[in-house]
Amino acid sequence: MANEMLCTLVTPSASLLDEPVTYASVPLWDGLMGFLPGRAPILARVGLGELTLRFPDSKKGGGGTRSYYIEDGFVQMADNRLRILADKAIPAEEITRADAEAELRAAANNAKAGARARAKLQILDRGSGSI
């Protein structure tokens, strides 16, 4: 267990993971942070992005890696235990390209609608439009 730490990934609706890992790359609000076993204690705010976990080799074979999309929350490292409390967490294998592209299109449409509204407000602020 010297080269491992226990990692827990929890959302408000589910406990997704409670297993030993050898490394974790966590998206924080200000960038990615890597965690290794034995790290000094820290508490940080989770941003959004890919959580990457490396698992130790086991009697069943190589450990491998697993990824999740996580969003918002907190991460705590203490006593060789990494706790990730996320508002949202989706295993990578559950993410589809079609859904991600549709979400991207919807975000682009919202940004455009926001730009339209801002332009109209600027016109009103300058007094060129009717109230």
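This passage looks at strand pairing, the largest pocket and one buried loop residue in a predicted model.

A good place to start is strand β6, which spans residues 48-54 and runs antiparallel to strand β3, residues 23-28. Three bridges join β3 and β6. Within this pairing, Tyr23 sits opposite Arg54 of β6. Strand β6 also pairs with strand β7, residues 65-78, again in the antiparallel sense, and here seven bridges are found. Glu50 faces Tyr69 of β7 across this pairing.

Tyr69 leads on to the largest pocket, since Tyr69 is one of the residues that line it. The space in this pocket comes to about 300 Å³. Three elements, β7, β8 (81-91) and α1 (97-126), each give at least two residues to the lining. Helix α1 provides the largest share, with five residues. By chemical character, the lining holds six nonpolar residues, one polar residue and five charged residues. Among the lining residues are Glu71, Lys88, Ile90, Thr96, Asp99 and Leu104.

The last stop is Thr11, which lies in the loop between β1 (5-10) and β2 (15-21). Is Thr11 buried or exposed? Its relative accessibility is 11%, and because buried means under 20%, Thr11 counts as buried. Leaving aside residues up to four places away in sequence, Thr11 touches Leu16, Ala86, Asp87, Lys88 and Ala89. One of these contacts, Lys88, also belongs to the lining of the largest pocket.

Note on methods
Residues are numbered from 1 along each chain as its sequence is written. This is a predicted model: local features need pLDDT of at least 70, side-chain atom pairs count only at pLDDT 80 or more; totals for chains, interfaces and linings use all residues. Side-chain values use heavy atoms; hydrogens and water are left out. Two strands pair if DSSP finds at least two bridges between them. Helices (H or I, at least four residues) and strands (E, at least two) are DSSP runs, numbered from the N terminus. On a 1 Å grid over the protein atoms alone, a cavity is a set of points where a 1.4 Å probe fits but cannot get out, and a pocket is an open set with protein on both sides within 12 Å along at least five of seven lines; lining residues have an atom within 4 Å of a point. Grid points are joined across faces, edges and corners, and a volume is the space filled by probe spheres set on the points. Ala, Val, Leu, Ile, Met, Phe, Trp, Tyr, Cys and Pro count as nonpolar, Asp, Glu, Lys and Arg as charged, and the others, Gly among them, as polar. Buried means under 20% relative accessible area, exposed over 50%, partly exposed in between (1.4 Å probe, protein chains only). Contact means heavy atoms within 4.5 Å.
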